[in-house]
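Reader: I'm new to this and would love a close look at just one part of this model. Could you take it slowly for me?

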Amino acid sequence: MFWYLWKSIDWYYIFIACFNVCVGLLCCCSAYFHELVPKISYFKWLLVFAVFSFVISCAGLNAILNVSLPILKVMCPIAIALTFMVLSDVKGSNKYLSHRNMSALLTRITRQVSRMFDLNLVEKF
């Protein structure tokens, strides 16, 4: 069933979507860094990011994941905890205690999830 659905999507739609995202990211990053450092032209920033992306992509998916996975394992639980703390937005005098309890709860949840999937996120630190 899924193969039929996937087969019906033509490859060029996927190519156009990925190409559109790549061009958008290159343009946005180049514009941002041109505003940050106006001495370097927009085109030079675009060329730097395009060459850098090409070199990284030549390394292969496994090499990219080997480098980024340890960073993501550390940053994702922190980002999730901060998101929950901001969304809770407790008013009043017990804000410190409620955020402390929230962080303790999220640490326990992260530890349990890492044990379930054998990720060893918390035990290494």
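How close do the axes of α2 and α3 come, and at what angle do they cross?

Author: Sure, let's zoom in on that spot. Keep in mind that this is a predicted model, where local features need pLDDT of at least 70 and side-chain atom pairs count only at pLDDT 80 or more, while totals for chains, interfaces and linings use all residues. Residues are numbered from 1 along each chain as its sequence is written, and side-chain values use heavy atoms, with hydrogens and water left out.

Two packed helices are described by the angle between their axes and the distance between the axes. Here, the axes of α2 and α3 come within 8 Å and cross at roughly 130°. (Helices are DSSP runs of H or I with at least four residues, numbered from the N terminus; axes are lines fitted to C-alpha atoms, for helices over the stretch in contact, with angles from 0 to 180 degrees between N-to-C directions.) That makes α2 oblique to α3, oblique being whatever is left after under 35 degrees (roughly parallel), over 145 (roughly antiparallel) and 65 to 115 (roughly perpendicular). The crossing is also right-handed, meaning the near helix is turned clockwise from the far one by less than a right angle.

So who's touching whom? On the α2 side, the contact (heavy atoms within 4.5 Å) involves Leu26, Cys27, Cys29, Ser30, Ala31, Phe33 and His34. From α3 come Tyr42, Trp45, Leu46, Phe49, Ala50 and Ser53.

Now pick out two of those names, Phe33 and Phe49. Phe33 lies in helix α2 and Phe49 in helix α3 (residues 42-59), so their pair ties together parts that are 16 residues apart in sequence. Their rings form a tilted aromatic pair, 5.2 Å centre to centre with 50° between the planes. (Rings of Phe, Tyr and Trp, the last by its six-membered ring, pair if their centres lie within 6.5 Å; planes under 30 degrees apart are stacked, over 60 edge-to-face, and the rest tilted.) Phe49 is buried at 17% relative accessibility, whereas Phe33 is partly exposed at 28%. (Buried is under 20% relative accessible area, exposed over 50%, partly exposed in between, with a 1.4 Å probe and protein chains only.) Ring pairs also link these two with Tyr32 and Trp45 into a cluster.

Definitions and conventions: Helices (H or I, at least four residues) and strands (E, at least two) are DSSP runs, numbered from the N terminus.
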